[in-house]
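Student: Could you walk me through the charged pairs here, one step at a time?

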Amino acid sequence: MFNFLKSDPVKKAKKYIEKALIEIEEGYPEYASTEYEKAARCFCEVDQTDFAVKYFREAAYCALENNNHSRCSEMKIAAAECLIREGRYDEAGGLYSESSDHFHREKKGRESNRALGVAIAGYLAARNFNTAINIMRKAEKRLKEVTTKKDPLFILAELCVRILCEGIEVPSDEFERAAKSIKPNETEKPLFDFLVASTRLALQTEILLDWAGPPQKEVKVKEPLEIELKYSCPAEVQIVDHRLSLSNSVILTKEPEYTQSPAKEESWLLTFKPVLSGEGTIGPFTVTLEGDKVLVNKHSNVLEFKIARAPSKLALDVSPERVSCNLGEEAVLQITVLNEGDGPAENIEVKIELSDGLEISLGIEEKVVNFLGSGEKVRFQLFVRAVGQGEELVTIKTVDGRSGQEVIKTSMVRVG
């Protein structure tokens, strides 16, 4: 029955705003800051968050005009707390980051460090990984400049960045100690409860790269490899982003579609091809898993193996296969050595053997080809002179110095 006696908070807020404008006109920003704060708290009473944030920020700007960075920080934190109550963690993180800058300017290291911790927590809860990492780098730079002791909230936020953003494995007991040591205020508690619960799920989430078949320590160049990607998580999640690291010696030839309904476990088959011999690595595979209760970046294991050089395969052609000439005349043979394999051939020995009725008139009996790449060939001519009559033979032998493969071809020279 006494409700009519209560003043309307919105009307009160408007009066405070009018007073603040008058104080600004008269050159008293510090008094205007107080009036704006009163107006903001009136809007908080009726859950008009946007107006509350607006006038807390106005109070902060007026305090800044009076060069009062501490009060400016307090007003921005008050605005951020309004946003946290509505779950607008990304916006709140920005205000906490700004307030940290003001505390830092006032050389209040502990307060600045704490505000950065809450800012990072806000960005993580809002799933804004990149900004959280950038804020962490800013904090690390500041910590090098001063000897400020880290606040427990910042220590927890730092661990969460390592787990959620960087995919680094952190012992569960280390994380639990950090989680128990924090003392958030009543407004911040839901934010940190959500962050701690999400990070616990992240610690229990596994991403694995495994051979689709027996593990291999050595593979061959250009021979397809099948690798299975698997994840398991206590909560239902799905892949929303991914990034794969590969050595220069391996390429991805087939990647599946990762769109699927949320599940606690899932797997896919990926196909790779080694293209260079030497050492090969697949991974880590970094994925972003999203669900109702968790959003996490996780790194898989790394598969390491040796890539053997592709085998060479020599082919030999001698033309013509049959040729005729008179006694004392020369016959010309065309010899072609071709590497039909996927790998290079090295130190190829070419030997020429003649029957008694022939002799080499130009050239030598042995030749070495130092290197012959895949698909490459080398040609040379052989000149033989007939010194006896009958059917004489020219035998060409090639030996691959790398594999030991031997190829033999024979041509007949009929001497009339």
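**Salt bridges**

Tutor: Let's start with Glu353, which is partly exposed at a relative accessible area of 38%, where partly exposed lies between buried (under 20%) and exposed (over 50%), using a 1.4 Å probe and protein chains only. This is a predicted model, in which local features need pLDDT of at least 70, side-chain atom pairs count only at pLDDT 80 or more, and totals for chains, interfaces and linings use all residues. Residues are numbered from 1 along each chain as its sequence is written, and side-chain values use heavy atoms, leaving out hydrogens and water.

Student: Which residue forms a salt bridge with Glu353?

Tutor: A salt bridge puts a side-chain nitrogen of Lys or Arg within 4 Å of a carboxyl oxygen of Asp or Glu. For Glu353, the closest N and O atoms of the pair are 3.3 Å apart. The pair links strand 12 (residues 345–354) with strand 16 (residues 390–399), 44 residues apart; strands are DSSP runs of E, at least two residues, and helices runs of H or I, at least four, numbered from the N terminus. The partner in strand 16 is Lys397.

Student: Is Asp151, the partner of Arg110, buried or exposed?

Tutor: Arg110 and Asp151 form a salt bridge with closest N and O atoms 3.3 Å apart. Arg110 is partly exposed at 40%. Asp151 has 9% relative accessibility, so it counts as buried.

Student: How many salt bridges are there in the whole structure?

Tutor: Side chains of opposite charge can pair when their charged atoms come close. Asp50, Glu86, Arg88 and Glu91 are linked in a network of such bridges. The search of the whole structure finds 24.
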